[in-house]
Amino acid sequence: MTDVTRTKRGRPVHHWRRDVVELAALFTAVAVADGVANLIGHGPGGPALLVISAAVLAATAGFHIWWSRRHGHAPPVSDTGARPPSQGQQAGPSEPTTRTPETVPGASTLWRMRTTVKDEPGSLAVLCTGLAGSRVDILSLQTHPLADGTVDEFLLRAPADLAASELTRVVATAGGTDTWVERADAHDLVDVPTRVLGLAARTALDAAELPLALRQLLGRCTIHQQPAGPGDSRRGRVGEPVEGALEDTVLRLRAPEGGMITVERPYLPFTPTEFARARALVELDARLGPRLPRGEDVLTLPEGNEITVRRADARDLEAAKEMHERCSSRTLGLRYHGPVGDADRYLDHLLSPRYGRTLAVQTASGRVIGLGHLLWDGDETEVALLVEDAWQRRGIGGELLSRLMAMAAEAGCESVYAVTQASNTGMVAAMRGLELPLDYQIEEGTLVVTARLEPKPTTSANPDATPEEQHIGKGLARD
């Protein structure tokens, strides 16, 4: 009964005035029908006239329904100015072709799809024809040749009502096998050569970018690095290929400083092309050697002392050892969750850019008094802090933590966790000071605090600054 010919923000607009008029007409019709029924019903042949009238009305209603279904009342597209169904969601048999401008946004969806086709002439053409038949637009295409076929990787724009299962069915009908589909976003619109060059530039500026670059290049994957063993050389173990190895869903690449980088992606096998790209990034890292981005920040503590915050790596190993010797057993126990027997075993790992990023805090004389670590733990990210006893409770830990979180967000991490003891009130307070959503887990006195991030690049007053210089340029957080 209500009029829904117009919409507002996708919802029907109901006209109450028309509802009132329709109800008044209904009541009037009932009164007239009652008067006619009384007039005819009490006269000769009245019941027969009523039955005949009801039959005529029923026949008229049936004819109207049949005519409405056979002949649509919507005007042709040329009369309404509506766009054809190919520009978004395809009109069904029972829905009008006219669409208001409010329904156009979101009418299409971006998909990343990978499928295997036979390596023979015309196989790709059949696949493209099948996609076109479902009004799927191919935005980009890459081919990965294999020994017994070709893996085609597409970026697609499909109608919003086309489900992933239907898209897979269309591809299978066109000859595609081992099809993998997932939602894409605007970042995937960047072509692969441009994206690879950008990752190479980031790796060239910072040795710690290699694991992140591999993860962005290969998609959702888990990266582990095994250090070189006692009998290993820079060229690896005896019998292992120097150029690495490709085993279905596992890549093994020779680390520049020795050891092995293992990349696992269980949901999708790697292709030789992906292996070659990953190996090229590792070779670039090996040729450039140790490096850190420029930038440091001199800050003034509330009591007037100046400190410097900068990036650190293995070249700061001796200064880090000296700081550990000045720290109390309680401070080291809170940091490493127990007695520390050999600091070298920890620091060699923590200061390596292969496992994450490290920030160092030093005094005007050059003495290191604090370390903050952002560690790539497979597909997760851990944060850890250590501040020398004499410099605690001055805002240094909070400053390191906020900078490390900014680095994690810039790297695209969704969350960062810290492992400490429930009695470490300083670390808990620093995590709360981030003003981020936190999750807590306590197991046998060990506290795991996880902060959920919103990955996005941080801004800087200097648009030409590198991401590291942008993080270093922040002010000191006060307690």
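Which residues does Gly 356 touch, not counting residues up to four places away in sequence? Keep that in mind while you load things up, and remember that you're looking at a predicted model.

**Stop one: Gly 356.** Select Gly 356, which you'll find in strand β13, residues 356-363. Show whatever surrounds it: leaving out residues up to four places away in sequence, Gly 356 touches Ala 208, Leu 374, Leu 375 and Trp 376. With a relative accessibility of 3%, Gly 356 is buried, because the cut-off for that is under 20%. Now add Glu 209 and draw a C-alpha to C-alpha distance: Gly 356 and Glu 209 are 8.3 Å apart in space, though 147 residues apart in sequence.

**Stop two: an open sheet.** Next, pick out β7, β8, β9 and β10. These 4 strands make an open sheet with antiparallel pairing, and the order across it is β7-β10-β9-β8. The edges are β7 (222-226) and β8 (245-247); each has a single partner strand, so one side of each has no neighbour in the sheet. On average, neighbouring strands here are turned by 15° against each other, direction ignored.

Zoom in on β9 (residues 250-254) and β10 (residues 260-264), an antiparallel pair with 5 bridges. Select Arg 254 and you'll see Met 260 of β10 standing opposite. Then switch on helix α8, residues 272-288: α8 packs on the sheet, touching β8 and β9, and its direction makes about 30° with that of β9.

**Stop three: a charge and a ring.** Finish with Arg 394 and Trp 391. Arg 394 lies over the face of Trp 391, 4.7 Å from the ring centre. If you're hunting for aromatic pairs too, a search of the whole structure finds 0.

How values were computed:
Residues are numbered from 1 along each chain as its sequence is written. This is a predicted model: local features need pLDDT of at least 70, side-chain atom pairs count only at pLDDT 80 or more; totals for chains, interfaces and linings use all residues. Side-chain values use heavy atoms; hydrogens and water are left out. Rings of Phe, Tyr and Trp (its six-membered ring) pair if their centres lie within 6.5 Å; planes under 30 degrees apart count as stacked, over 60 as edge-to-face and the rest as tilted. A charge sits over a ring if NZ of Lys or CZ of Arg is within 6 Å of the ring centre and within 35 degrees of the ring normal. Two strands pair if DSSP finds at least two bridges between them. Helices (H or I, at least four residues) and strands (E, at least two) are DSSP runs, numbered from the N terminus. Axes are lines fitted to C-alpha atoms, for helices over the stretch in contact, and angles run from 0 to 180 degrees between N-to-C directions. Contact means heavy atoms within 4.5 Å. Buried means under 20% relative accessible area, exposed over 50%, partly exposed in between (1.4 Å probe, protein chains only).
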